[in-house]
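Biologist: Before we go through this protein, please show me how to read each kind of feature, and then how that feature appears here.

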Amino acid sequence: FWRCFNGSNGDCTNGDVRVLNGSASYEGRVEVCVNGEWSTVCGDSWGYNEAYVVCNQTGYGNTSVALPYRDSYFGQGVGDIHVLGTACDGNEENLLQCFHTATQQNCDHTSDVGVRCIFGDECNVTGEVRLAGAASSSEGRVEICINGVWGSVASFRWTTKETNVVCGQLGYSNIYSEPLLNSPFGAGEGVVQITYADCDGTENNLLECTYRLYERLYTHEDDVGVRCFESVSNASCILGDIRLVDNNIIGSATEGRVEVCLTTGWGTISDFAWRNEDARVACYQLGFAGIGSDAFSASTLYPTNDVPVHITNVRCRGDEVVIFTCPYSAANLLVTHDNDVGVQCIPKDNCTEGDIRLVGGDSEMDGYVEVCYRSAWGTINGRFALPFESNVVCRQLGFSDQTSLVYTRGFTSGPLTDSPIALTFIICFGIESNILDCSISYNSNVEAVFGHDNDMGVSCYPAEVPTSTSAVISPSVSSTVSSILSTTSTVVST
């Protein structure tokens, strides 16, 4: 798209401006007519005042915000670069009325400038959100205030987490909401303010999430909408609650079919790919430990009752607090009870989050590592563990953080203790004060493949490290380390 003023048939009048190579006529690379020829503008001092002059000159005098772009954001031009530097106060009617240098110096087309003329409803509070395009105040196209102008949000990778943040910001439930993609409430006008947002669902404002501002690839065809719900309870439950049902069949309070509460009451989760990551979150929300949870299909174990199917396609990381902060989909009429899900949970342990202990060793300084994570003791898969991780463990336990051994059981099968697997991945820099400050995660596929075969163990040394380079390792640990070195080639560092 481009606009040219006061010229025809390829000719131009001195001082005319046009914008090229944008997604619409209000944005693009700036070119100015000098001596009858179109030339690009160098970005030495290109700023908001200069951008505003261009917007006003190209017919967008109603622009609320004029954004300057440098470094050939809208592509490189060709030909001369006659205007190398500009200094406008913003009130000029013509770009050439600003101070400028009209001879080519140390500029090339990599410095070509651009502009974007943002128009639309003005606003005062950056980060404020509103819903537009719908009759109901609880649903609509998401618009956000940035740079003093309302603009829409693109639906790229938009999930229920981002929707929960928007709805919570508007005073609705931040636990349950519905994302509506690809302009369901019509295309917005003006600017697409945000093209990508990544929330964890606990933020109070959309701008507290990781986000990217406007990018040229996105148009109003990608505008995202949401449907929000009031944070109220109905006759039978509170929105966002979760429960286990039919656990009386086997007489266990820690196992059963999972049901969630929406505005219409209780309903099931139907998901053929229900995983232990999802079960962890469900159990934690139910008040049990957030690890050691088993996911299973409940449709064959428990009779289906008359409640509807509420949600499907739940995809948790496993560290969320409530199930509705995970990505999920609202169930449609085609989803049946055939894939209703269940969980088997374990009770909480009496431990403090982040505490660690060593088990199975001959002394307090060696053994397999267990961490209190999500209210229960659990092991760590140490398949890729290095002394960085063992140093953190030893330091946290009050031992030396300069000399330690790390090993895994590599060749052994079966659990060493009754504790479940807490983490399947850990990477530390070696300077962390707590093991949970490291990069950690859980993956049920890794647990299924390796089980407890790679439980992480360490051998620590006293805080006062002996001057001798030889250190005594307890016989059992020394034997274990030697066996692993010969059998699995696990890296051991002293």
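Modeller: We will take the overall make-up, then the disulfides, two helices, two single residues and a pocket.

Modeller: Please keep in mind that this is a predicted model, in which local features need pLDDT of at least 70 and side-chain atom pairs count only at pLDDT 80 or more, while totals for chains, interfaces and linings use all residues. Residues are numbered from 1 along each chain as its sequence is written, and side-chain values use heavy atoms, with hydrogens and water left out.

Biologist: How many helices and strands are there in the protein?

Modeller: Helices (H or I, at least four residues) and strands (E, at least two) are DSSP runs, numbered from the N terminus. On that reading, the protein has six helices and 29 strands.

Biologist: What share of the residues of the protein count as buried, and what share of the contacts comes from residues 24 or more positions apart?

Modeller: Buried means under 20% relative accessible area, exposed over 50%, and partly exposed in between, with a 1.4 Å probe and protein chains only. Of the 494 residues, 52% count as buried. A contact means heavy atoms within 4.5 Å, and among contacts with a separation of 6 or more, 69% come from residues 24 or more positions apart.

Biologist: How many disulfides does the structure hold?

Modeller: A disulfide is a covalent bond between the sulfur atoms of two cysteines; here the term is applied to a pair of cysteine sulfur atoms within 2.5 Å. The structure holds 13 disulfides, including one between cysteine 12 and cysteine 33, with an S to S distance of 2.1 Å. That pair links distant parts of the chain, 21 residues apart, with cysteine 12 in the segment before β1 (17-20) and cysteine 33 in strand β2 (residues 27-34).

Biologist: Why is the disulfide of cysteine 12 and cysteine 33 called right-handed or left-handed?

Modeller: The torsion about its S-S bond is about 70°, so the disulfide of cysteine 12 and cysteine 33 is right-handed. Both cysteine 12 and cysteine 33 are buried.

Modeller: Another disulfide is formed by cysteine 55 and cysteine 117, whose sulfur atoms are 2.0 Å apart. Cysteine 55 lies in helix α1 (residues 48-57) and cysteine 117 in strand β7 (residues 114-118), so this pair ties together parts that are 62 residues apart in sequence. The link of cysteine 55 and cysteine 117 has -100° about the S-S bond and is left-handed. Cysteine 55 is buried, at a relative accessible area of 0%, and cysteine 117 also counts as buried, at 3%.

Biologist: Which residues of α1 are buried?

Modeller: An α-helix has 3.6 residues a turn, so residues three or four places apart point the same way. The buried residues of α1 are Glu50, Ala51, Val53, Val54, Cys55 and Gln57. Just after α1, glycine 59 takes a positive phi of about 100°.

Biologist: How many of the residues of α4 are buried, and what covers them?

Modeller: Helix α4 (residues 387-396) is mostly covered, with seven of its ten residues buried, among them Val392, Val393 and Cys394. The cover over its buried residues includes β22 (356-359), β23 (366-372), β25 (404-408), β27 (425-427) and β29 (456-460). Glycine 398, just after α4, takes a positive phi of about 95°.

Biologist: Where is tyrosine 176 placed, and which residues is it in contact with?

Modeller: Tyrosine 176 sits in the loop between α2 (160-169) and β11 (178-180), and it counts as buried because its relative accessibility is 4%. Leaving aside neighbours within four places in sequence, tyrosine 176 is in contact with Asn164, Phe229, Leu239, Leu262, Phe324 and Tyr328.

Modeller: A polar contact is a pair of N or O atoms within 3.5 Å; within protein, one must be able to donate a hydrogen and the other to accept it, and residues adjacent in sequence count only if both atoms are side-chain atoms. One of 3.1 Å joins the side chains of tyrosine 176 and glutamate 178.

Biologist: Is serine 183 buried or exposed?

Modeller: Serine 183 is buried, with a relative accessible area of 17%, and its side chain reaches the backbone oxygen of histidine 220 at 2.4 Å.
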